[in-house]
Amino acid sequence: FNTENCLAAALACFLAGFEKDDIKTALRTFVPSASKTPGRMNVFKFPKYEVIVDYAHNTAGITKFAEFMEATPATRKIGVVSGLGDRRDEDTLGFARIAGRIFDEVILRQDRDLRGKSAEFLREIMERGLRLDKPDLKITYIEHEPDATDHVLKTAPKGSVITMFVEDIAAVLARLEEHEQAI
């Protein structure tokens, strides 16, 4: 999906009048990172596990992410996810269902801004969606994102790939940098 995004960006630049050589140079020299593209497939490799930070927040985004995760080897795939209150209920349910298929374990959390729905409702619909295809999926509910982040970093087993769909990208990235320095 990043290739698809690059192709669309290259076409937009070309149509806006940028020179082909400048577009080629930009594509060849671009290296995605937490500093250049925060919250967009930022990968952190720790001795014990890997952490991917992304802002997949809709069904289309998580569907593409699922394709990536299917090809990603791991002893355990752990997701830190939440539902968004400004989505249709069926969209939230679909998002959760895909997340339930991707992960072996889920840390369910809440965003600070519930966008019009109650925390109880979002928790219920997310848990229902997560378990549609995996009734026995391990779900740990930790309301606040910083606490969920700390929990998963402390408890993930060796060889895991942790995916964090985040709200406060800057705070999570800062926490991961602190974790990296503490190792």
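# Exercises on a predicted chain

Lys117 is partly exposed, with a relative accessible area of 22%. Here buried means under 20% relative accessible area, exposed over 50%, and partly exposed in between, with a 1.4 Å probe and protein chains only. The model is predicted, so local features need pLDDT of at least 70 and side-chain atom pairs count only at pLDDT 80 or more, while totals for chains, interfaces and linings use all residues. Residues are numbered from 1 along each chain as its sequence is written, and side-chain values use heavy atoms, with hydrogens and water left out.

## Exercise 1: Lys117

Locate Lys117 and list its contacts beyond its neighbours within four places in sequence.

Solution.
- Step 1. Lys117 sits in the loop between strand 4 (105-108) and helix 5 (119-130). Helices (H or I, at least four residues) and strands (E, at least two) are DSSP runs, numbered from the N terminus.
- Step 2. With neighbours within four places set aside, Lys117 touches Gly85, Arg87, Asp89 and Leu122. Contact means heavy atoms within 4.5 Å.
- Step 3. As a distance check, take Asp150, which is 33 residues from Lys117 along the chain; the two C-alpha atoms are separated by 26 Å.

## Exercise 2: the chain as a whole

State the order of the elements, and decide whether the radius of gyration of the chain agrees or disagrees with that of a compact globule.

Solution.
- Step 1. The chain contains 7 helices and 6 strands. Read from the N terminus, their order is α-α-β-β-α-β-α-β-α-β-α-β-α.
- Step 2. A compact globule of 183 residues would have a radius of gyration near 16 Å, and the 17 Å of the chain agrees with this. The radius is taken over C-alpha atoms, and the globule rule is 2.2 Å times the number of residues to the power 0.38.
- Step 3. The C-alpha trace spans about 55 × 40 × 30 Å along its principal axes.
- Step 4. Buried residues make up 38% of the 183 in the chain. Of the contacts with a separation of 6 or more, 76% come from residues 24 or more positions apart.
- Step 5. The exposed area is about 10100 Å², with 54% of it supplied by carbon and sulfur atoms. Accessible areas come from the Shrake-Rupley method with a 1.4 Å probe; for residues, only the protein chains shown count as cover.

## Exercise 3: Met41 and Val53

Which sign does phi have at Met41, and is Met41 buried or exposed?

Solution.
- Step 1. Most residues other than glycine have a negative phi.
- Step 2. Met41 is not a glycine, yet its phi is positive, about 55°.
- Step 3. Met41 belongs to the loop between helix 2 (20-29) and strand 1 (42-45). Its relative accessible area is 14%, so Met41 is buried.
- Step 4. Met41 is one of the contacts of Val53, whose others include Arg40, Phe44, Met164 and Leu176. Val53 is part of strand 2 (residues 50-54) and is buried at 0% relative accessible area.
- Step 5. Between Val53 and Arg40 there are 6.8 Å, C-alpha to C-alpha, at a sequence separation of 13 residues.

## Exercise 4: charges and salt bridges

How many salt bridges does the structure hold, and which parts of the chain does the pair Glu4 and Lys64 link?

Solution.
- Step 1. The chain carries 26 positive and 30 negative side chains, and the centres of the two sets are 4 Å apart. Lys and Arg count as positive and Asp and Glu as negative, His and the chain ends being left uncounted; each charge is placed at NZ of Lys, CZ of Arg, CG of Asp or CD of Glu.
- Step 2. There are 14 salt bridges, each a side-chain nitrogen of Lys or Arg within 4 Å of a carboxyl oxygen of Asp or Glu.
- Step 3. Glu4 and Lys64 form one, at 3.2 Å from N to O. This pair links distant parts of the chain, 60 residues apart: Glu4 in helix 1 (residues 2-15) and Lys64 in helix 3 (residues 59-70). Glu4 is partly exposed at 45%, as is Lys64 at 26%.
- Step 4. Asp91 and Arg88 form another, their closest N and O atoms 2.8 Å apart. Asp91 is partly exposed at 25%, whereas Arg88 is exposed at 52%.
- Step 5. Asp111 pairs with Arg109 in a salt bridge of 2.7 Å, N to O. Asp111 is buried at 6% and Arg109 is buried at 1%.
- Step 6. Arg76, Glu105 and Lys138 are joined into one network by salt bridges that share partners.
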